Amino acid sequence: MPLRIIKCIIFAPDMKKSTIWTIAVIMGVSFLALLFLQFSYVEEMVKMKKEQFDESVNRALYQASRNLEMNETQRYLEKDVNETERRAFTQDSVIVDGLGSIQQTHQFSVSADDGTFYHSFQVKALKMKPASVPKAMIMRRDKNSLADATKTMQEIVRQRYVYQKALLDEVVYNILYTASDKPLKERVNFRMLDKDIRVELMNNGINIPYHFTVATTDGREVYRCPDYEEEGKEFTYTMELFRNDPQSKGGVVKIHFPEMNSYIFSSVRFMIPSIIFTIVLLITFLFTIVVVFRQKRYSEIKNDFINNMTHELKTPIASISLAAQMMNDESVPKTEHMTKHLSGIINDESKRLRFLVEKVLQMSMFDKKTVTFQEKELDLNEMVEVIAQSFNLRVEHTGGKIYTEIEAIDSAIFVDEVHFQNAITNLMDNAVKYRKPDEPIDIYIHTWNDHEKLYLSIRDTGQGIKKENLKKIFDKFYRVHTGNKHDVKGFGLGLAYVKKVIDLHQGEIKAESELGKGTKFTISLPILKEDNK
């Protein structure tokens, strides 16, 4: 990539984090406020619906209890009338006419000489015995006779009204005291009460299942509906029965609705899609913000990678260019030693350049999932000893030493030799590169196994890693920031490559570190059992 294009990528204007955070906070608060208003509206609607429901149920119960009392009163009135008619039918009655004759009949009559009837009333209404019947009055058609007859009829009507009122009061009191003496279960027609409750609830717009019980005022239950259930009992409505009776003679009907919550919340169902869409938008917005920050972090990491790559590639390119110029410079003597030296520089730097390019290409292959493993059975103990021997000189050059502790008994593994060896080499290389400046580095290599896993640990006494950086070290392009220093070369791909290789071999790698004391990497691999060989 041309240097000019690289610079454009690195220094392209980027949105500040503070701007992103400001937008995120404003949008987040707006969404939360909208959700709060929606939930407040739903809460108010539910509260209003509950109040309407309570009022409708109480009104229906009141009307049902009133119907019960009216039906009882009507039943006793009909019973009293039937008994009165029966008694009146068995009694003799008389008729008084103008001739003074008495006949067997059921009514009194007042008539003139020509047989005209001026008034009549029933014996059962007055309940008068034949002995108390007034004498016959012969009314004549003159004015005085008509006036006397009118006064007589008015007096009779008045007396009839007074008697009937007293009789009605007597009947009502008789009903009250007679009815209240009976047990509650005999006074209440539970089937009719159930029907009245259902009708009154439907009249008030409530058509959902309910369960009810009837109990005395002291709490003794006398009836329970056949399909009674306890569900919804926490919201029970009560109404007194026969409230005009003495308190000890009355009753209480209790009713509850198993599906009351569904009925109440049915009025706000249309708000549910709106709330769901708002929540989806909020989650999408949060996800977008997370993606923005992640992409911003990736952008920073890639910028660091490009800077590192540029810096890493410049050194071998400059060395190769300088060696080529010296070989082409006629003023430089072309001795055998000089030619060998320059060709060696070109060869070494070309290898280094190829290694850097291959490292990037390897990660690209892993990302595209085009890499292929050539797995075969190897011995982990032998591989570790070979790699440790190859790093001895580098570690001893710092004044340190490599300590190996080979304890794995079942050390056979089935891996790709090149990639797996590169993974261990990267861990060893990091231990050497990230040592403490001007201090020796010690590396401890340990292998062991249990019944299921084979383990390899590589521990160093280097700089160590901060806890907040430890969880990111396996991310691609990530490098622990060391300010503007470039003492340690690399692209930030080494540990990402190691993790990819270990994962693809069904293994697991963990990192432990303490700043200033060193880092420990532990690799676990499945044991190659006899039946898998």
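How much accessible surface does the protein chain have, and what share of it belongs to carbon and sulfur atoms? The accessible surface comes to about 34,100 Å², and carbon and sulfur atoms account for 56% of it. The structure is a predicted model, and this should be kept in mind throughout the account that follows.

The chain may be considered as a whole before its parts. It has 533 residues, of which 36% count as buried. Its secondary structure consists of 13 helices and 15 strands. When contacts between residues at least 6 apart in sequence are considered, 70% of them join residues at least 24 apart.

Confidence varies along the chain. The average pLDDT is 75, and 74% of the residues score at least 70. The lowest confidence is found in helix α1 (residues 3–10), with a mean of 36, whereas strand β12 (residues 443–449) has the highest, at 93. Two stretches have a pLDDT below 50. One covers residues 1–13, and beyond near neighbours in sequence it has ten contacts in the model. The other covers residues 92–141, and on the same terms it has 96 contacts in the model.

Helix α2 spans residues 17–90, and K47 is found within it. Is K47 buried, exposed or partly exposed? K47 counts as partly exposed, because its relative accessibility is 48% and the partly exposed class lies between the limits of 20% and 50%. The C-alpha atom of K47 is 8.9 Å from that of I264, although the two residues are 217 apart in sequence.

The account now turns to three helices, α10, α11 and α13. Helix α10 comprises residues 380–397, and its axis comes within 11 Å of the axis of α11, with a crossing of roughly 35°. This crossing is right-handed. On the α10 side the contact is made by L380, M383, I387, F391, R394 and V395. On the α11 side it is made by F420, Q421, I424, T425, M428, D429, V432 and K433. By class, these residues divide into nine nonpolar, two polar and three charged.

Helix α11 (residues 417–433) also meets helix α13 (residues 494–504): their axes come within 9 Å and cross at roughly 145°. Is the crossing of α11 and α13 left-handed or right-handed? It is left-handed. Helix α11 contributes H419, F420, N422, A423, N426, L427 and N430 to this contact, while α13 contributes G494, L495, Y497, V498, V501 and I502. The contact of α11 with α13 has eight nonpolar and five polar residues, and no charged residues. F420 of α11 thus appears in the contact with α10 and in the contact with α13. Within α13, the buried residues are G494, L495, A496, Y497, V498, V501 and I502.

Strand β10 (residues 402–406) contains T404. T404 is partly exposed, because its relative accessible area is 42%. Leaving aside residues up to four places away in sequence, T404 touches A388 and I445. The C-alpha atoms of T404 and A388 are 8.0 Å apart, and the two residues are separated by 16 places in sequence.

The loops also repay attention. In general, most residues other than glycine have a negative phi. Which positive value does the phi of D438 take, although D438 is not a glycine? The phi of D438 is about 60°. D438 lies in the loop between α11 and β12, and it counts as exposed because its relative accessible area is 83%. Q506 likewise is a residue other than glycine with a positive phi, near 60°. Q506 comes just after α13, in the loop between that helix and β14 (508–514). With a relative accessible area of 57%, Q506 is exposed.

A further loop, between β13 (453–460) and α12 (467–470), holds I465. Why does I465 count as buried? Its relative accessible area is 13%, and buried means under 20%. The C-alpha atoms of I465 and E514 are separated by 6.0 Å, although these residues are 49 apart along the chain.

Note on methods:
Residues numbered from 1 in each chain as written. Predicted model: local features only at pLDDT ≥ 70, side-chain atom pairs only at ≥ 80, totals over all residues. Heavy atoms only, no water. Helix = DSSP H or I, 4+ residues; strand = E, 2+ residues; numbered from the N terminus. Buried < 20%, exposed > 50% of the residue type's maximum accessible area, 1.4 Å probe, protein only. Contact = heavy atoms within 4.5 Å. Areas by Shrake-Rupley, 256 points an atom, 1.4 Å probe, with all protein chains shown as cover. pLDDT = per-residue confidence, 0-100. Axes fitted to C-alpha atoms, helices over the stretch in contact; angles between N-to-C directions. Left-handed = near helix turned anticlockwise from the far one by under 90°. Nonpolar A, V, L, I, M, F, W, Y, C, P; charged D, E, K, R; others polar.
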